[in-house]
Protein chains: 2
Amino acid sequence: MTPRAQTRDPELTRTRILDAAETLFVAQGFSAVKLSELARSAEVTKSLIHHHFGSKEQLWEAVKNRAFERYFTAQMAMLEEAGEPDAALLRRSVEAYFHFLRDNPGVVRLFAWTHLEGDSHCGELDNQLVGAGAEWVRQAQSRGLLRKDINPTHVIAMFVMTCTQWFEAKCHHQHWPGMGSDAAFLEDFLKIFMEGVTPRE
Amino acid sequence: MTPRAQTRDPELTRTRILDAAETLFVAQGFSAVKLSELARSAEVTKSLIHHHFGSKEQLWEAVKNRAFERYFTAQMAMLEEAGEPDAALLRRSVEAYFHFLRDNPGVVRLFAWTHLEGDSHCGELDNQLVGAGAEWVRQAQSRGLLRKDINPTHVIAMFVMTCTQWFEAKCHHQHWPGMGSDAAFLEDFLKIFMEGVTPRE
DNA sequence: GCGCTAACTGGCCGGCCGGTCAATTAGCTA
DNA sequence: TAGCTAATTGACCGGCCGGCCAGTTAGCGC
């Protein structure tokens, strides 16, 4: 390791390590990543990683925490700018979530790795999000905008899970005969979903 | 390794290794599994694993192939006993798929690991399944049992993905406020889904 | 300037990883 | 029963893994 610029910037170093680690962890998962590879990719020494993060496990935690905080704040922002419940809000929320995942494939994979690890921490993080979403559904139900015989949390869960799986298992179903594009699938999902949650007179 | 029963049974040995490997791979993923641990768990020497399967990668392939073949034949059987299209068949298929995944949690995790690896092989395997399912949807559409303005493959994909994600990300959403049981979620999903695919007059 | 703290380096280590190999032996065939 | 094949063993290997540590030095407070 030839000594880099004579200047020290611990904060920058931390983020350089975090960025490189996120890239590698997202791509390969925790145990497949080698610290030596990570050090090379972040252009730092292995010792520096230990200096800043203690151990590989702790670094993994730091990567997850940072990513999920980003996810959480982004979702919170989307939720807040949603405004008053009206008939089209649910549709717009689904579209927004779908596009968010499409534009942040790393988040999807990070979620998937943590699911497989059985790590429920990130799930707890969006209790607030889901709670708020479910509350909105409840209001819409009482106003007669959505059918009343469905658990509000299940409405949120259903579209969140469909969007997530669409991107998580893309490699699996993208070659299925007759499968359409992102946009085409979203459109068909919304047709079924919106029709399914609309109250019948 | 104290020599086991004096009897040799290569076929049994193979399946013992495969079984132990499946358990460990399902639980930890490919790279986190150590051959030494696997050997201990299968009550076999490490060398024997290499003798029968060549390498860790080849063993992983063998595990996946066996599991997906089991999955495939089980699904094929379900498809064949489905019989003639009628209004309730789609509902029964969703329930059957949901219960299959509930009773075979290993399959769900195996799918998830392969998705993260970007392995599309298992996805190709069920092209037949999806093709047959989509064909059934198409027939139901032309008979007026299902609405016609939706891509048949997307109908299949939608319930497959929802069921999969429900079990794959259980640790994530099981503590969400208001989230119900397996049965309650399935019920609500079916309410929305069936209502969404039913034609409107 | 002076000295302290912490960022940073490079060399090192014990352990264990996946894999190999020569030797042994069970079980089948003729 | 002799002989061959392949299942099975245990000792062994090179490599590299995560982690440690003694030493160097930049930057900041005084």
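Visitor: Which domains does the assignment give for chain A?
Guide: Chain A has domain 1 (7-54) and domain 2 (64-197), with bounds from an automatic or database domain assignment. This is a predicted model, where local features need pLDDT of at least 70, side-chain atom pairs count only at pLDDT 80 or more, and totals for chains, interfaces and linings use all residues. Residues are numbered from 1 along each chain as its sequence is written, chains are lettered from A and ligands numbered from 1 in the order written, and side-chain values use heavy atoms, leaving out hydrogens and water.

Visitor: What area is buried between domain 1 and domain 2 of chain A?
Guide: About 640 Å², with carbon and sulfur atoms giving 50%. Buried area is the accessible area (1.4 Å probe) that two parts lose on being put together, summed over both.

Visitor: Which three residues supply 63% of domain 1's share?
Guide: A:Leu18, A:Glu22 and A:Val26, more than any other three residues of domain 1 of chain A.

Visitor: How many salt bridges cross that interface?
Guide: Three, counting a side-chain nitrogen of Lys or Arg within 4 Å of a carboxyl oxygen of Asp or Glu. A:Glu22 also pairs this way with A:Arg70, the closest N and O atoms being 2.7 Å apart.

Visitor: New topic. What turn lays chain B on chain A?
Guide: A turn of 180°, with a shift of 0.0 Å along the axis and an RMSD of 0.1 Å; the fit is by least squares on C-alpha atoms of residues with pLDDT of at least 70 in both copies. The two copies are thus related as by a two-fold rotation axis.

Visitor: Which residue of chain B comes closest to the axis?
Guide: B:Gly196, at 2.0 Å (C-alpha).
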